[in-house]
Protein chains: 2
Amino acid sequence: MTRSRRRIAEGILFTDMYQLTMAQLYFRHGMHEMDAQFDHFYRSNPDYGSHQAGYCINAGLESMLTWMLDAHFGEEEIDYLRSQRNAHGDHIFHDDFLAWLRTHGDFRSLSLRAIPEGRVVHPNTPLTMVQGPLAMAQILETGLLNYMNHQTLIATKASRIVESSRGGPILEFGLRRAQGLGAIEGARAAMIGGASFSSNVGASYLWGTPPKGTHAHSMVQLFMAMGEGELGAFRAYADLYPDDCLLLVDTLNTLESGVPNAIKVFEELRRKGHEPVGIRLDSGDQAFLAIRAAQMLNEAGFPHVSIVLSSDLDELVIWQIITQILQEAPRYGLDPDAVIKRLVYGVGTRLITSWGDPALGGVYKLVAIHPRGRRADGEGDEWMSAIKISETPAKTPNPGVKKVWRLYGRRGTAVADLLSKEDERPDLAESLILRHPMDHTKYRRLGRNAITKIEAIQVDVLRKGELVYDLPPLDAIRQQRVDDVELLDPGVRRLVNPHIYHVSLTQRLWDLKQAAIEQAKGSLE
Amino acid sequence: MTRSRRRIAEGILFTDMYQLTMAQLYFRHGMHEMDAQFDHFYRSNPDYGSHQAGYCINAGLESMLTWMLDAHFGEEEIDYLRSQRNAHGDHIFHDDFLAWLRTHGDFRSLSLRAIPEGRVVHPNTPLTMVQGPLAMAQILETGLLNYMNHQTLIATKASRIVESSRGGPILEFGLRRAQGLGAIEGARAAMIGGASFSSNVGASYLWGTPPKGTHAHSMVQLFMAMGEGELGAFRAYADLYPDDCLLLVDTLNTLESGVPNAIKVFEELRRKGHEPVGIRLDSGDQAFLAIRAAQMLNEAGFPHVSIVLSSDLDELVIWQIITQILQEAPRYGLDPDAVIKRLVYGVGTRLITSWGDPALGGVYKLVAIHPRGRRADGEGDEWMSAIKISETPAKTPNPGVKKVWRLYGRRGTAVADLLSKEDERPDLAESLILRHPMDHTKYRRLGRNAITKIEAIQVDVLRKGELVYDLPPLDAIRQQRVDDVELLDPGVRRLVNPHIYHVSLTQRLWDLKQAAIEQAKGSLE
């Protein structure tokens, strides 16, 4: 059957044009099937203006693989490329290249190693490493970055919001403010980052979590316009959902109308043998209203119903609300911890857009090539480093094929990530030298007894296009985040001004990098 | 044939759970087929931190309609809803409601009036008005907002970037930093807002514009690793694309290596009878490097090749670059206007994410109901206003069924938008009273002779689900933006601190709003 135009746009054409013009160039020069390695990594944690993250939560791998393993150049894609002409009316893509693309134009030739989803990750660490024929590894770049950048960004924001809520459940409410269909992957990433549920029905269907939601202001307005008032609306809701009664109380006046009417309905429910679930506050001073509503609910005999907050929340706003409740609740005769414990947070815009920093700058850089038979001078059997010399040292990538190790210290917390050459075994070494990736004056030597565990954190995912990794279910990915965040130093977890987590190089990788830089500089002269 | 799970998640389930729980409540109370009207509007222009927009560019309608006209509750969707249970294990959705949804669960019963895509729009103006049976009009909310918020946000940002570039072409480069598949609609919105082309091949395929792109740093690195250097890479590119030769010159050192090597290759090309296209600068001080590169290219006899800039650009950065060139180019003996005229801008992250304000807060509010036969007291034939009283007056929506008029003054520019009741004809009135939507002290009377044109800017799009509007091609939508922006006062077009454009109410709509507020307040007592 023919695929729709939309499906074609989402397939292998979900890439940048320059990947295709470069691929044709590699084809023309017989380099298209040369083995290459690209590293995917990001250079700095999201910085939300006043506060930068101390870590990221890796996410997006499964979605990216779903796309990648299906994407290919079929007849429609080839026809489209054939139709592209330059300003002179000449074809941009030539028949021999298009013929090769028609038969070899999928990602089944690539191998991929990655850090699993849900893991805590850090800048300048290869999150994904791709090896395989140059042309297809190059074309993969854009789609891979799109999926990984987006979901890692949102999972990270969610993790921070969960940290700030002190265990209060987070509901993802952002569908109406997301970038189109990106909302579906956004909801998944939010749940990897620790959100409990999503309001997005389609995303919940796809990712296997129950969708959550109750009612909007419009329902109350409608009953008001019909002459039945807010109380009529609440009663109608309680009638239909007696065991799921959560009422939005701020359509008219939260404390004078909404909460008193909700309490009336809760009392009626209880007389019928049902326990109400809670109220929702969607406007105003959320801390003050939560305290006053808690007080009114307590006095009416409902000390346990939830109070859902949902007005432009993010990690700082939640932190501020909790701080204000800690300070103010006692003045109203309330135990602040009891108020905080009953809070639930509906987080919309600021989670789904990663408010303050709406993009993760993940990149995909050529780090090594393996010319194979092409060069007959005996060097063809070795991976050669490929490096871009940047005027900004922090932008110079680490060369070659690498492994990523996580080092745990005596308190059991993760103390550093260490990048090594592929054949190194720092886990077997007596002592380790940890070199700063850029600054030659910064290094430290660690005795093996200072390290309680050294963990290789990458897994093999694809071997020449074959999936060799059991994709974990969403719940396992979510648990991985919980476990990894627990193992961070509290300073790295801080919401504002976090302690910097070190990513270091082994001495051998450092030496390789220096040699590659010298070689690249030499080629400049 | 069965649809994939992904397609189901993108269909009618692309909504919030509370729309469905509310719909069931309306069904239970016999209100689900009562006629309702919802207005879609936004309350304030995007505010990018240091600078707020003076207007928006409406976009998203066609994509929203494509989704809307296909979305429906099929067997899979109904099965999914039937499977949802609450904490007690009870079904959330009941069989009678699900049976109704199976037969009536699409948007073919709705009528829709809208402001066309590409038009300049302003806060608190209904961009889309939906009428029809309450339950389905309610379920539509989330999807409608998702598509309209996203594309209006991006078209607006693009329009600002185009304004700042003084006619320099804008290339949309953001695919790798977008939210998943939202990149495809994002590229469309960018082009509505004035971007010339996109690097996104799939989006270009779908929207009918040629995709643009040349090569990345990796191509240069590769040739370097192979011992052929930057010059070898440039030569290879020029060989394959002799009439499309645009070279990225900052892999090693822009002024010492990249530009001189590019000039060498450009000279070789010219000897073979081809004219080069340009160079691209992707790092460093873009204004300084553009001036120096222009100088070198001029001296070498290439005064007309383009200089593409592509490093974290947005409207302020472009404005700053142009300002710096205006000030500094003369010191290098260059005509600044000639330098500026050859600039092209590749804009990635900051366009596709609307950097600084990554969400438009468009809302969808119940404004009127028409109970029809339900109330036998004689009032059933009239639309009744439905209004939410907010403690923030700016959040109180304008009630009832409305028309939107644009008033043009003696200089031909748009001076105000005017909202009237549906049956009013301000275009035929001798004089007009323009009332501020909230502040009763602010109004002005305009003689008809002060107004050169009064234009009704909404069009009928759907009548009971039937498309009665010829969707304009993308080029016409793009031209609409150009025309509308030209008709704005220059003060409203300013990038920073723009003049406020007035959206007013007619006296009759103002009176209706006051009555609705009083009525709603009354129902509180």
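The following passage describes how two chains of a predicted model are related and how two helices pack within each chain.

In this predicted model, local features require pLDDT of at least 70 and side-chain atom pairs count only at pLDDT 80 or more, whereas totals for chains, interfaces and linings use all residues. Residues are numbered from 1 along each chain as its sequence is written, and chains are lettered from A and ligands numbered from 1 in the order in which they are written.

Chain B is superposed on chain A by a rotation of 180° with 0.0 Å of shift along the axis, at an RMSD of 0.0 Å (least-squares fit on the C-alpha atoms of residues with pLDDT of at least 70 in both copies). This is the relation of a two-fold axis. Within chain B, the C-alpha nearest the axis belongs to B:Gly182, at 2.4 Å from it. Both copies use the same surface, since 100% of the contact residues of chain B recur in chain A; two residues are in contact if their C-beta atoms, placed from the backbone, lie within 7 Å.

The interface comprises 93 residues of chain B in contact with 93 residues of chain A. Elements are DSSP runs numbered from the N terminus, namely helices (H or I, at least four residues) and strands (E, at least two). Those giving two or more residues to the side of chain B that touches chain A include α1 (5-10), α6 (134-164), α7 (182-192) and β12 (363-370) of chain B. The most is given by α2(B), with eight residues. By class, this side of chain B divides into 46 nonpolar, 33 polar and 14 charged residues (Ala, Val, Leu, Ile, Met, Phe, Trp, Tyr, Cys and Pro count as nonpolar, Asp, Glu, Lys and Arg as charged, and the others, Gly among them, as polar).

Within chain A, helix α6 (residues 134-164) and helix α7 (residues 182-192) pack at an angle of about 45°, with their axes 7 Å apart. Axes are lines fitted to C-alpha atoms, for helices over the stretch in contact, and angles run from 0 to 180 degrees between N-to-C directions. The two helices α6(A) and α7(A) are therefore oblique to each other (angles under 35 degrees count as roughly parallel, over 145 as roughly antiparallel, 65 to 115 as roughly perpendicular and the rest as oblique). The contact involves residues including A:His150 and A:Ile154 of α6(A) and A:Gly182 and A:Arg188 of α7(A). Its composition is six nonpolar, four polar and two charged residues.

In chain B, α6(B) and α7(B) pack at an angle of about 45°, with their axes 7 Å apart, an arrangement that makes α6(B) oblique to α7(B).
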